[in-house]
Amino acid sequence: MYGNHQRDVNTEEIMKNRVVITGLGIVSPNGVGVKAFHSAIRSGKSGIRHFPELEELNFSCQIAAKPEVSEEQKRKYFTDLQLRNFNSSGILYGVMAGMEAQEDAGIETAGKNDEPLWDLGIIFGTGTSGTAKFREAIYLLDSGKVKRLGSTTVAQTMASGISAYLGGMIGAGNQVTTNSSACATGTEAILMGYDLIASGKARQMLCGSCSDDGPVVWGGFDAMKVLTWKHNQDPEHGSRPMSATASGFVPGSGAGALMLESLTSAQGRGAKIYAEVLGGHVNNGGQRQQGSMTAPNSSAVQRCIKTALEASGVDGYEIDYINGHLTATVKDPTEIRNWSDALGTKGVDFPYINSLKGMIGHGLAASGSMELVAAVLQLHHGFIFPNSNCEDLHPEISAIVDRNRIPIQTVSRPLNTIAKASFGFGDVNACVIFRQNSI
Amino acid sequence: MTSEEIYTKLQPIIAAYLPEDVSAENIKKDADLTQELNINSAHLVDVVLDVEDAFDIELSNNDLESLRTVNDAIAIIANKVEN
């Protein structure tokens, strides 16, 4: 349980440092950079396209979401040398998002001959970040050309590649690591960073996640038949979270990043504060009861949400907005039921809720952090982005939640306390609570 | 191929691996690749791959071990090209 128990009189808990967000960064299929992404989510811009390559490879689902990164954007963060033989899209997106969050927070990187930034750490997760590079390596190895792998195959394909690249660019001197918990990776990363700051082990933590793209990453999901195959001709309508006609998710990619910082540190340097991280919780359904490798155990999901609320000192009715996991599969109604039961609210009392996946599909390990950036932007600027492709709300959902709580047009409304959760393969759950006006 | 011709062809290959604060003018014949030019030692294997492609030769593990300076590189290449 991660939390600051603001209202708790327990002295041990009160000793915890409060944690705020001072920087954001994102590389999303519908917008590269926070500014472009902010305007994209306000207008419901889709980042889903048809990929002829997937059609040629006999994929059932031939639509997907991939950030469109210009050469100029790439060269803002990478040197020519770093781009030599570089073929790891996850690391590309992660570095761009991470460095944007660092800049947005107004934190200087360490000079080449300076001491590292001892109080700044990095938790940047991924599922896979360099499968394209790995594929290259396999072809070379199989033809007896191991030498041709060169000096960067390891860094580009190791799980911790993304945190290692960022660590070097920034000069981070605190813990620098990569977490991996499938689709909950990004949300778990922020809670791991939160814990290090709350406990006084770090002052600033760059947290986020990334996922690479392409047939190798997406093929396994296509084989499982969890992707939609019904919208190859109309990609923008393919990802349909909470819809009665949802028919599977659309695979995506990208990266999101948040700079977490102790409130004291942020105030001390006069940093812009987006929101406070009140607390959260990570747990596992143990792949028991309804839970399995691929399906969530509802009692664990509810427990995760309730414990996150408790850790944050927040009651269910105080939640104004939920950024759902909601992937556009048959499990969406179950997720809504779990939120309703855990928060103890339904009908018109249920919070506003939306899913970014309607616009950019499911970014797998990157989904949590891209959605966190979307959630914090909505909290900070007071709006709820429209739910794409959800005109035909699933009847099991409309039986629980009032239609107006699932807007299909952008809603302008001040938000105070919000929740974001992610659930992933392996029955992992993560939920985090943010507040805007607590500072 | 004269050693001057090899040197001319070698300079842009090495230049690609120089850190940002080292200019290509420093690629003198007696310059030590890692100590003076500050090329990351991990990148020496990439320099070798590029040399192999450019000169259509193949370097051995022993060649790599004896590679310290630009002159070393010129000598190794000259030897292979002649053969």
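User: Which residues are in contact with F434(A), leaving aside its neighbours within four places in sequence?

Analyst: In this predicted model, F434(A) is in contact with A275(A), E276(A), V277(A), L278(A), A375(A), V376(A), L379(A) and I418(A), once neighbours within four places in sequence are left aside. Two residues are in contact if their C-beta atoms, placed from the backbone, lie within 7 Å. For one of these partners, A275(A), the C-alpha atoms lie 6.4 Å from those of F434(A), although 159 residues separate the two along the chain. Residues are numbered from 1 along each chain as its sequence is written, while chains are lettered from A and ligands numbered from 1 in the order in which they are written. As the model is predicted, local features need pLDDT of at least 70 and side-chain atom pairs count only at pLDDT 80 or more, whereas totals for chains, interfaces and linings use all residues.

User: Why does F434(A) count as buried, and in which strand does F434(A) lie?

Analyst: A residue is buried if 20 or more other C-beta atoms lie within 10 Å of its own, exposed if 12 or fewer, and partly exposed in between, with C-beta atoms placed from the backbone. F434(A) has 29 C-beta neighbours inside 10 Å and therefore counts as buried. The residue belongs to strand β16 (residues 428–435) of chain A; strands are DSSP runs of E with at least two residues, helices are runs of H or I with at least four, and both are numbered from the N terminus.

User: What makes a group of residues a nonpolar core, and which residues touch the most other members of the largest one?

Analyst: A nonpolar core is a set of buried Ala, Val, Leu, Ile, Met, Phe, Trp, Tyr and Cys residues joined through C-beta atoms within 7 Å. The largest has 128 residues, and those touching the most other members are I190(A), L258(A), L260(A), V277(A), V373(A), V376(A) and F434(A). Domain 1 (16–268) and domain 2 (280–435) of chain A both contribute residues, so this core lies between them. Beyond four places in sequence, I190(A) is in contact with C207(A), L258(A), L260(A), V277(A), L372(A) and V432(A). A second, separate core of 16 residues includes L10(B), I39(B), V48(B) and V51(B). In soluble globular proteins, nonpolar side chains tend to be buried together.

User: How do you know where the two domains of chain A begin and end, and what separates their centres?

Analyst: The bounds come from an automatic or database domain assignment, which divides chain A into domain 1 (16–268) and domain 2 (280–435). Taken over C-alpha atoms, the domain centres are 21 Å apart. Their contact takes 58 residues from domain 1 and 52 residues from domain 2. On the domain 1 side, α10(A) gives the most, with eight residues. By class, that side has 28 nonpolar, 26 polar and four charged residues; Ala, Val, Leu, Ile, Met, Phe, Trp, Tyr, Cys and Pro count as nonpolar, Asp, Glu, Lys and Arg as charged, and the others, Gly among them, as polar.

User: How does the radius of gyration of chain A stand against the value for a compact globule, and what is the result for chain B?

Analyst: The radius of gyration is taken over C-alpha atoms, and the globule rule is 2.2 Å times the number of residues to the power 0.38. For the 439 residues of chain A the rule gives a value near 22 Å, and the chain has 21 Å, which agrees. For the 83 residues of chain B the rule gives a value near 12 Å, and the chain has 12 Å, which also agrees. Buried residues make up 58% of chain A and 22% of chain B. Chain A contains 17 helices and 16 strands, while chain B has four helices and zero strands.

User: What makes S41(B) exposed, and which feature does UniProt place there?

Analyst: Only 10 other C-beta atoms lie within 10 Å of S41(B), so the residue is exposed. S41(B) sits in the loop between α1 (3–15) and α2 (44–55) of chain B. An unreviewed UniProt entry places "modified residue: O-(pantetheine 4'-phosphoryl)serine" at S41(B). The record also lists residues 4–81 of chain B as "domain: Carrier", again from an unreviewed entry. UniProt positions are given in the numbering used here, feature names are shortened, and annotations may be inferred rather than shown by experiment.

User: How many residues of each chain are in contact with the other chain?

Analyst: Eight residues of chain B are in contact with six residues of chain A. The chain B side divides into five nonpolar, one polar and two charged residues.
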